[in-house]
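Me: I would like to go through this structure with you. Could we take the nonpolar packing and then the backbone geometry?

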Amino acid sequence: MAILDILTAPDPILKKKADPVDDVTDEIRTLLDDMLETMYDAPGIGLAAPQVGVLKRVIVIDVAGDDEEPAPMKMINPEVLWASDETGLYEEGCLSVPKSFSEVERPERVKVKYLDENGAAHEIDADGLLATCVQHEIDHLEGTLFIDHISRIKRSMIMRKLTKMKKAD
């Protein structure tokens, strides 16, 4: 396994739509393993393939708390089948938008279908943090960042901060 470089905004790859995975190959399984290792190292609770420069519809998530056993989820071609009308606010951050947080409103519950690392189809009902995280990561597959869901003023403040941070590196 390898720790991959995480792209940060405004990298243009982060704004591109990812392609579906046609075949679950060893290459995809290695990507999933590397993404999990990268996510844990960062540390984060979710990571999408575009964030590591791969335009494939692949995400990894682990929303287990610090005092819980790790519960990694590997999702290929995830798709929201249903979203609740009830919404909730959650303060989101992102490994591709470092040191920036903002409240984002999303559906509180979702039903998601996906393929696992063996190509088997699954459906899950997610709520709370898992629902927020899976929606956030699926957004990445569409070329959307969490800051695209906030006001233009807040977004431009965050982007100015990121540009300054990149220049300082």
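Reply: The exchange below concerns a predicted model and turns to its cores, its backbone and two of its side chains.

Me: How many residues does the largest nonpolar core have, and which have the most contacts inside it?

Reply: The largest nonpolar core has 17 residues. Those with the most contacts inside it are Ile59, Ile61, Met73, Met75, Ile124 and Val134.

Me: Which elements each supply at least two residues of this core?

Reply: Four strands and one helix do: β2 (58–61), β3 (73–83), β6 (109–115), β7 (121–127) and α2 (128–141). The largest share, 6 residues, comes from α2.

Me: Is there a second core, and what does that one include?

Reply: A second, separate core has 13 residues, including Leu32, Met39, Val52 and Val60. In soluble globular proteins, nonpolar side chains tend to be buried together.

Me: Back to isoleucine 59. What is that residue in contact with, leaving aside neighbours within four places in sequence?

Reply: Isoleucine 59 is in contact with Leu32, Met35, Leu47, Ala48, Met73, Lys74, Met75, Pro78, Val134, Glu137, Ile138 and Leu141, once those neighbours are set aside.

Me: Now the backbone. Which residues does the cis bond with omega near 10 degrees connect?

Reply: That cis peptide bond runs from alanine 9 to proline 10. Proline 10 is found in the segment before α1 (26–41). Another cis peptide bond joins alanine 42 and proline 43, with omega about -10 degrees. Proline 43 lies in the loop between α1 and β1 (46–48).

Me: And phi? Where is asparagine 77 placed?

Reply: Asparagine 77 is in strand β3. Although asparagine 77 is not a glycine, its phi is positive, about 50 degrees. Lysine 99, also not a glycine, has a positive phi of about 60 degrees and lies in strand β5 (residues 97–107). Most residues other than glycine have a negative phi, and most peptide bonds are trans.

Me: Is lysine 99 buried or exposed, and why?

Reply: Lysine 99 is classed as exposed because its relative accessible area is 66%, and the exposed class begins over 50%.

Me: Same question for histidine 136: buried or exposed?

Reply: Histidine 136 has a relative accessible area of 6%, so this residue counts as buried; the cut-off is under 20%. Histidine 136 lies in helix α2.

Me: What is histidine 136 in contact with?

Reply: Leaving aside neighbours within four places in sequence, histidine 136 is in contact with Glu92, Gly93, Cys94, Arg106 and Phe146.

How values were computed
Residues numbered from 1 in each chain as written. Predicted model: local features only at pLDDT ≥ 70, side-chain atom pairs only at ≥ 80, totals over all residues. Heavy atoms only, no water. Core = buried A, V, L, I, M, F, W, Y, C linked by side-chain atoms within 4.5 Å. Buried < 20%, exposed > 50% of the residue type's maximum accessible area, 1.4 Å probe, protein only. Contact = heavy atoms within 4.5 Å.
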